Amino acid sequence: MVAREIQGMNAEIALASLEFTPNKAARVIAKVVASAIANGGYEANNVVIHSCRVDAGPVLRRFMPRARGRATPIRKPTSHVFVEVMTQSEIDAKKASSKSKTKALTQNKAESSANETSKKANKSTKAQSTQTPAKKPQTKVAKSSASTTKQKAKKTEGEDK
């Protein structure tokens, strides 16, 4: 919840809001955001948090001793915090390139669907011109009123020959 809250915010404002958020996770995410800003070589007031997500990490399995010599498992989950910071101009350039890619994809899809419909139309006209009524396969139904299995076996041997 805290990671979703700061997406799209200015980094300086996000750090200030995380400082006063009464969550344990807010302190950890604030450290990661500060680290991401420092690693990128940016100033906090010039940067926007493009994306922030928390993924599941490996789980540490520990055991707690219990009565009568037993032990119960304890799962200590860890997580991966991913923060992506960009300047506003970088975000605008990324959006522009993604819009041009989506336009190209939609045009390609429209062209391919038009080609497929024309192919289907050609196939259906060919199928209509050469279509003949299909004959039903003839099946034989054998009725036997024999009471023993030997008589049934003799009848089926006679039909097979």
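In which sense do strand β1 and strand β2 pair, and over how many bridges? The close-up views below take up this pairing and two further sites. This is a predicted model, in which local features need pLDDT of at least 70 and side-chain atom pairs count only at pLDDT 80 or more, whereas totals for chains, interfaces and linings use all residues. Residues are numbered from 1 along each chain as its sequence is written, and side-chain values use heavy atoms, with hydrogens and water left out.

**View A. The hairpin of β1 and β2.** Strand β1 (residues 48-65) and strand β2 (residues 71-86) pair in the antiparallel sense over 15 bridges, where pairing requires that DSSP finds at least two bridges between the strands and strands are DSSP runs of E with at least two residues, numbered from the N terminus. Five residues lie between the two strands of this hairpin, and R68 in the turn has a positive phi of about 60 degrees. Within the pair, V54 stands opposite V81 in β2.

**View B. The surroundings of S51 in β1.** S51, which lies in strand β1, counts as buried because its relative accessibility is 16% (buried means under 20% relative accessible area, exposed over 50%, partly exposed in between, with a 1.4 Å probe and protein chains only). Leaving aside residues up to four places away in sequence, S51 touches Q7, F82, V83 and E84, contact being defined as heavy atoms within 4.5 Å.

**View C. Residues where α2 meets α3.** A11, L15 and L18 in α2 meet A26, I29, A30, V33, A34 and I37 in α3, the helices being DSSP runs of H or I with at least four residues.
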